[in-house]
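Open the model in your viewer and get ready to pick residues by number. We'll go stop by stop, and each stop tells you what to select and what you'll find there.

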Amino acid sequence: MSELINKIYANLNYQKQFGNLLYVDKDVKVKDLKNEFINEEVVIKKEVKSNNISKNSVNKNWDKSESLDILRSNIHNCMECELGATRKSFVFGSGDPKSKILIIGEAPGADEDEQGVPFIGRAGKLLTKILEAINFSRDEVYIANIIKCRPPENRRPTKDEVDQCEPYLKKQIELLNPEFILALGLTAVNTLLKGDYKMKDVRGKVLEYEGRKLLITYHPAALLRNPTWKRQAWEDVKQLRAMYDEYMGKNS
Ligand code: SF4
């Protein structure tokens with residue numbers, strides 16, 4: 001009798017911890033308990049991480065930064081959106097701060113998150129080759145992203161994340177003062193132009209962004225998935241090179 005009572009107590013304890021799943025088929029039970037447990041763990045981790053988000057992680061005068069280095073040091077601990085809690089590195093941007101060309105992608109990926117430098121993974125290597133094909137080294141341009149921290153699983157950044165992070169890019173643009181911006185992919189274009197454009201609407205055109213010439217081409221990651229688009233991308237970057245040469249010819 002006491003053995004039976006002990007079993008009942010033990011079952012009630014399990015039920016308290018794991019819910020009614022205890023009472024379903026044995027095989028399903030083990031699997032489902034595991035899933036429920038893992039999900040619970042993920043939720044707890046998320047809560048811990050979001051509790052770590054400090055609203056004081058950015059210098060409150062960051063928007064008065066007078067150079068890129070100062071801007072970087074003012075915002076590099078940013079935790080203003082959830083991506084701050086999951087990133088390994090804050091990826092500010094790299095290249096020549098005096099360059100007339102700014103290239104803007106979407107967000108850091110896994111390699112960039114590891115090393116804190118934009119466009120160094122597979123897509124980044126392709127971007128480097130594309131630049132070399134029009135006789136630019138990476139060090140002659142400046143490369144940044146719409147957002148500075150990697151979204152988990154390389155998902156698209158959410159609107160809230162973009163809204164939170166875009167002011168940093170705007171400040172970067174103000175300090176860099178580029179003549180030309182090359183936007184890579186639709187996230188970059190639609191963030192800058194506040195639209196919902198398709199690639200066919202904007203590619204091959206010279207648009208304007210705050211008094212600067214804006215050209216658009218495919219993101220290198222998209223070119224890796226669809227190599228047939230490389231020919232169009234080649235036309236786009238050749239156009240950038242020609243416009244740059246013309247500008248330099250007139251202003252040197
Ligand atoms: S993505 Fe931008 S806003 Fe979000 S934590 Fe990183 S730097 Fe801050």
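Before you click anything, one cut-off: a residue is exposed if 12 or fewer other C-beta atoms lie within 10 Å of its own, buried if there are 20 or more, and partly exposed in between. Keep in mind too that this is a predicted model.

**Stop 1: a turn on the outside**

Select Glu210, in the loop between strand E5 (207-209) and strand E6 (212-217). Is Glu210 buried or exposed? It has 10 C-beta neighbours inside 10 Å, so it counts as exposed. Check its backbone as well: phi is near 45 degrees, a positive value in a residue other than glycine.

**Stop 2: the whole chain**

Zoom out and colour by secondary structure. The protein chain has 11 helices and six strands. Of its 252 residues, 31% count as buried. If you like contact maps, take those contacts with a separation of 6 or more: residues 24 or more positions apart account for 67% of them.

**Stop 3: the largest nonpolar core**

Now select Leu102, Ile103, Ile104, Leu182 and Ala183. These are the residues with the most contacts inside the largest nonpolar core, which has 45 residues. Which strand gives the most to this core? Strand E4 (residues 180-184) does, with five residues.

Keep Leu102 and show what surrounds it. Leaving aside neighbours within four places in sequence, Leu102 is in contact with Tyr142, Ala144, Ile173, Leu176, Pro178 and Ile181.

Next, move to Gly105, in strand E2. Gly105 has 26 C-beta neighbours inside 10 Å, so it counts as buried. Draw a distance from its C-alpha to that of Ala183: the two residues are 78 apart along the chain, yet the separation is 6.3 Å. Beyond four places in sequence, the contacts of Gly105 include Pro118, Phe119, Asn145 and His219.

**Stop 4: Phe119**

One of those contacts of Gly105 is Phe119, so select that residue next. Phe119 is found in the loop between helix H5 (110-115) and H6. It has a positive phi of about 55 degrees although it is not a glycine. How many C-beta neighbours does Phe119 have inside 10 Å? There are 29, so Phe119 counts as buried.

**Stop 5: helix H6, end to end**

Select residues 122-133 to get helix H6, which has 12 residues. From its first C-alpha to its last, H6 reaches 17 Å, close to the 16 Å expected at 1.5 Å a residue.

Colour Ala123, Gly124, Leu127, Ile130 and Leu131 inside H6: these are buried. Then turn the view to look down the axis of H6. Its buried residues fall within an arc of 115 degrees, so they line one face of the helix. The background is simple: an α-helix has 3.6 residues a turn, so residues three or four places apart point the same way.

What do the buried residues of H6 pack against? Show helix H10 (220-225) and helix H11 (230-251), and you have the partners. Flip to the face of H6 turned away from the buried side, and you'll find the exposed residues Lys129 and Glu132. Before leaving, click Asn135, just after H6, which takes a positive phi of about 60 degrees.

**Stop 6: Asp96**

Select Asp96, in the loop between strand E1 (94-95) and strand E2 (101-105). With 15 C-beta neighbours inside 10 Å, Asp96 counts as partly exposed. Setting aside neighbours within four places in sequence, it is in contact with Asp139, Glu140, Val141 and Tyr142. The C-alpha atoms of Asp96 and Tyr142 are separated by 5.4 Å, although the residues are 46 apart along the chain.

**Stop 7: the ligand**

Finish at the ligand and show the residues around it: Cys78, Met79, Glu80, Cys81, Leu83, Gly84, Ile147, Lys148, Cys149, Glu161, Gln164 and Cys165. Helix H4 (83-86) and helix H7 (159-176) are the elements that give two or more residues to this shell. The largest share, three residues, comes from H7. By type, the shell divides into seven nonpolar, two polar and three charged residues.

While you're on H7, pick Asp163, which sits in that helix. Asp163 is partly exposed, with 13 other C-beta atoms within 10 Å. Its C-alpha lies 9.2 Å from that of Ile147, with the two positions 16 residues apart in sequence numbering.

Note on methods
Residues numbered from 1 in each chain as written. Predicted model: local features only at pLDDT ≥ 70, side-chain atom pairs only at ≥ 80, totals over all residues. Near = placed C-beta within 6 Å. Helix = DSSP H or I, 4+ residues; strand = E, 2+ residues; numbered from the N terminus. Nonpolar A, V, L, I, M, F, W, Y, C, P; charged D, E, K, R; others polar. Core = buried A, V, L, I, M, F, W, Y, C linked by C-beta atoms within 7 Å. Contact = placed C-beta atoms within 7 Å. Expected span 1.5 Å × (residues − 1). Arc of directions from axis to C-beta.
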